[in-house]
Amino acid sequence: MTESNTQAAPEIQIYRIYIRATPEAIWNAITSREWAERYGYRAPVEYDLRPGGKFTGYASEAMMEHGDAPGVIIEGEVLEVDPPRRLVQTWKVLWFDEPATTLTYEIDDDEEGVSRLTVTHDLTGAPQTALQTAGMIDGAGGGWSQVFSDLKTLLETSNSLYG
Amino acid sequence: MFAYLLTCDHLVTYYRRMADDDRVFNALADPTRRFLLDLLYQRDGRTQSELEQEVEMTRFGVAKHLRILEEAGLIVIRKSGRNNLHFLNPVPIRSIYDRWMHKYTEQRAATLLALKHELESRGDTPE
């Protein structure tokens, strides 16, 4: 029944989505704790938004209920900050013994009232993390695709898909 | 109807999403384009010439298909030195799934899949 994933996930993953929202609203949804709890995995984040600042990703309530999740599940360091356009950070998943990866968020203006969010995740040397973010691990969620699809729905309709 | 379109933000958003979905469905409604996406799924970040080698089609034909995929947001093209690398962007497909599959099918599909599994595990159908 279970399909084993013999396929490797790409080392460079690019996710792009057009959202009917201002760049500021998207920036806020990515970097603020309150917003991060409202879409995707509903896992709170904490950013110290300056170069060298700390990034912390916490387990969601649902993950905590499963019992085996520690409080902090992802750690990173902010490398570049240019609100509301560009954020570069490292991103290390603590449950895999793999090196830190690099995550870049870019927010551009598209047509009127629409912004373009492009997320580039450089997962070189971190194949397990890559499978996770690509949503290729059974039972571990849809990865970034699911997160950003849900973010779009939340910002455009004020409702999350998985509420 | 038009008055609604002009005044009601929800409807504007709804119709815009429909247009986005149309482009994705249209892009997926062609075997060559689905094949190109599968190629990128197998190995992401390929140049156009690498993709051309895999398809029995003129350069021009492949370029046209890639443009339709790009307009639908299904691929993202990134410059790397002298090359344009093509990356699969899975988010629009996920959005279609969330919008059109997940919502309608979860309950009934789960029941049907359980039935299929039950019938097939009786042994008269090959695995």
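This report walks through a predicted model of two chains, A and B, beginning where they meet.

**Where the chains touch**

The contact between the chains draws 17 residues from chain A and 14 residues from chain B. On the chain A side, β1 (12-19) and α5 (143-157) each supply at least two of the residues that touch chain B. Of the elements there, α5(A) gives the most, with seven residues. By type, this side of chain A divides into eight nonpolar, five polar and four charged residues.

**Two helices to look at**

Since α5(A) has come up already, it makes a good place to pause. Most of this helix is covered, with 13 of its 15 residues buried. Just past its end, A:Ser158 takes a positive phi of about 65°.

Chain B offers a second helix, α3 (residues 31-42). Its buried residues are B:Arg33, B:Leu36, B:Leu37 and B:Leu40. Looking down the axis of α3(B), you would find these buried residues within an arc of 95°, so they line one face of the helix. B:Pro31 and B:Asp38, on the other side of α3(B), are exposed.

Here are the lengths of the two helices, each set against the span expected at 1.5 Å a residue.

| Helix | Residues | Expected span | Distance between end C-alpha atoms |
|---|---|---|---|
| α5(A) | 15 residues | 21 Å | 21 Å |
| α3(B) | twelve residues | 16 Å | 16 Å |

**The nonpolar cores**

The largest nonpolar core has 41 residues, and those with the most contacts inside it are A:Ile26, A:Leu117, A:Phe148 and B:Leu69. Both chains take part: β1, α1 (23-31), β6 (101-109), β7 (115-122) and α5 of chain A each give two or more residues, together with α3, α5 (59-71) and β2 of chain B. Once again α5(A) gives the most, this time with six residues.

B:Leu69 deserves a closer look. Setting aside its neighbours within four places in sequence, B:Leu69 is in contact with B:Ala27, B:Arg33, B:Leu36, B:Leu37, B:Leu74 and B:Ile75. Three of these names may look familiar: B:Arg33, B:Leu36 and B:Leu37 are among the buried residues of α3(B).

Apart from the largest core lies another, of five residues, among them A:Leu123, A:Ala126, A:Ala130 and A:Ala134.

**A hairpin in chain B**

To finish, turn to strands β1 (residues 75-80) and β2 (residues 83-88) of chain B, which run antiparallel and are joined by six bridges. Within this pair, B:Val76 stands opposite B:Phe87 of β2(B). The two strands form a hairpin with two residues between them, and B:Gly81 in the turn has a positive phi of about 65°.

Methods: Residues are numbered from 1 along each chain as its sequence is written. Chains are lettered from A and ligands numbered from 1 in the order in which they are written. This is a predicted model: local features need pLDDT of at least 70, side-chain atom pairs count only at pLDDT 80 or more; totals for chains, interfaces and linings use all residues. Two strands pair if DSSP finds at least two bridges between them. Helices (H or I, at least four residues) and strands (E, at least two) are DSSP runs, numbered from the N terminus. Two residues are in contact if their C-beta atoms, placed from the backbone, lie within 7 Å. Ala, Val, Leu, Ile, Met, Phe, Trp, Tyr, Cys and Pro count as nonpolar, Asp, Glu, Lys and Arg as charged, and the others, Gly among them, as polar. The expected span of a helix is 1.5 Å times one less than its number of residues. A residue is buried if 20 or more other C-beta atoms lie within 10 Å of its own, exposed if 12 or fewer, and partly exposed in between; C-beta atoms are placed from the backbone. The arc is that of the directions from the helix axis to the C-beta atoms. A nonpolar core is a set of buried Ala, Val, Leu, Ile, Met, Phe, Trp, Tyr and Cys residues joined through C-beta atoms within 7 Å.
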